[in-house]
Amino acid sequence: MPSVSDDLLGWMERETRRLEQTVRNVVAFDVPAQWPTHGDLYEGNTLITHAGDWYVLDWDDIALGDPVADYIQVLWHSARHDPAFDWHSFAVQATDDGFGDRMRFYARATLLDEVIDGLADYVEFDSTDPLLARVREEKYKAFEEGLPLYRERYRRSSSRG
């Protein structure tokens, strides 16, 4: 496994705590979790027919929550690859005044999750099975690409480690 420094692990922990404090201190998060949310809304849980109708599948995780979490999952590819990502260009209707602030926050938190989870999954998938070995390398690639992207995108509000 490539070496991961104590400084990097410390940075990940500090950055996670920084985002946790944001949720606790920013008014945009002072809204009740009152909307039905899917909880696992990504392209694998959608079905689009030849007629252009679309359906959302796998409602096992339905709960009351923040619809922004579902939206960022659906729009993640655009949010991740476009530093100027603007949710207004999609058919998304804000549910409250803090919606846009939460959308930007969730995009940031999702990228940090990609970095941390990619590294954690890389460590967890230590196997001689060829399929798991390929998944392991893909997870490390997510970490390796996501870390500099996160640091570049959020360097003004993030301490370096």
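In which helix do Arg104 and Asp101 lie, and how many residues apart are they? In this predicted model, both residues belong to helix H4, where they are 3 residues apart, or about one turn of the helix. Arg104 forms a salt bridge with Asp101, and the closest N and O atoms of the pair are 2.4 Å apart. Asp101 has a relative accessible area of 40%, which means that this residue counts as partly exposed.

Helix H4 also takes part in a salt bridge that reaches beyond the helix itself, for the side chains of Arg80 and Glu114 meet at 2.5 Å, N to O. This pair links distant parts of the chain, since Arg80 is in helix H3 and Glu114 is in helix H4, with their positions 34 residues apart in the numbering. Arg80 and Glu114 are both buried, that is, each has under 20% relative accessible area.

From there the reader can turn to helix H2, which spans residues 67-74 and whose buried residues are Pro67, Val68, Asp70 and Ile72. These buried residues pack against two strands, E1 (35-37) and E4 (63-65), and against two helices, H3 (76-81) and H4 (99-124). Helices H3 and H4, which hold Arg80 and Glu114 respectively, are thus among the elements that the buried residues of H2 pack against.

Another salt bridge is found in helix H5, where the side chains of Lys141 and Glu145 meet at 3.9 Å, N to O. Because Lys141 and Glu145 are 4 residues apart in this helix, which covers residues 130-154, they are separated by about one helical turn. Lys141 is partly exposed, because its relative accessible area is 47%, and Glu145 is likewise partly exposed, with a relative accessible area of 40%.

The pairs described so far are among the 12 salt bridges that a search of the whole structure finds. Elsewhere in the chain, salt bridges join into a network that links Glu13, Arg17, Glu20 and Arg24.

The surface also carries a nonpolar patch, formed by Leu47, Tyr55 and Leu57, which together have about 270 Å² of accessible area. Of these residues, Leu47 is found in strand E2, a strand that runs over residues 46-48. Why does Leu47 count as partly exposed? The reason is its relative accessibility of 42%, a value that falls between the limit of 20% for buried residues and that of 50% for exposed ones. Residues of a patch must have over 30% relative accessible area, and the 42% of Leu47 therefore satisfies this condition.

Definitions and conventions. Residues are numbered from 1 along each chain as its sequence is written. This is a predicted model: local features need pLDDT of at least 70, side-chain atom pairs count only at pLDDT 80 or more; totals for chains, interfaces and linings use all residues. Side-chain values use heavy atoms; hydrogens and water are left out. Patches are made of residues with over 30% relative accessible area and no salt bridge: like charges are joined within 9 Å, nonpolar side chains (Val, Leu, Ile, Met, Phe, Trp, Tyr) within 5 Å. Accessible areas come from the Shrake-Rupley method with a 1.4 Å probe; for residues, only the protein chains shown count as cover. A salt bridge is a side-chain nitrogen of Lys or Arg within 4 Å of a carboxyl oxygen of Asp or Glu. Buried means under 20% relative accessible area, exposed over 50%, partly exposed in between (1.4 Å probe, protein chains only). Contact means heavy atoms within 4.5 Å.
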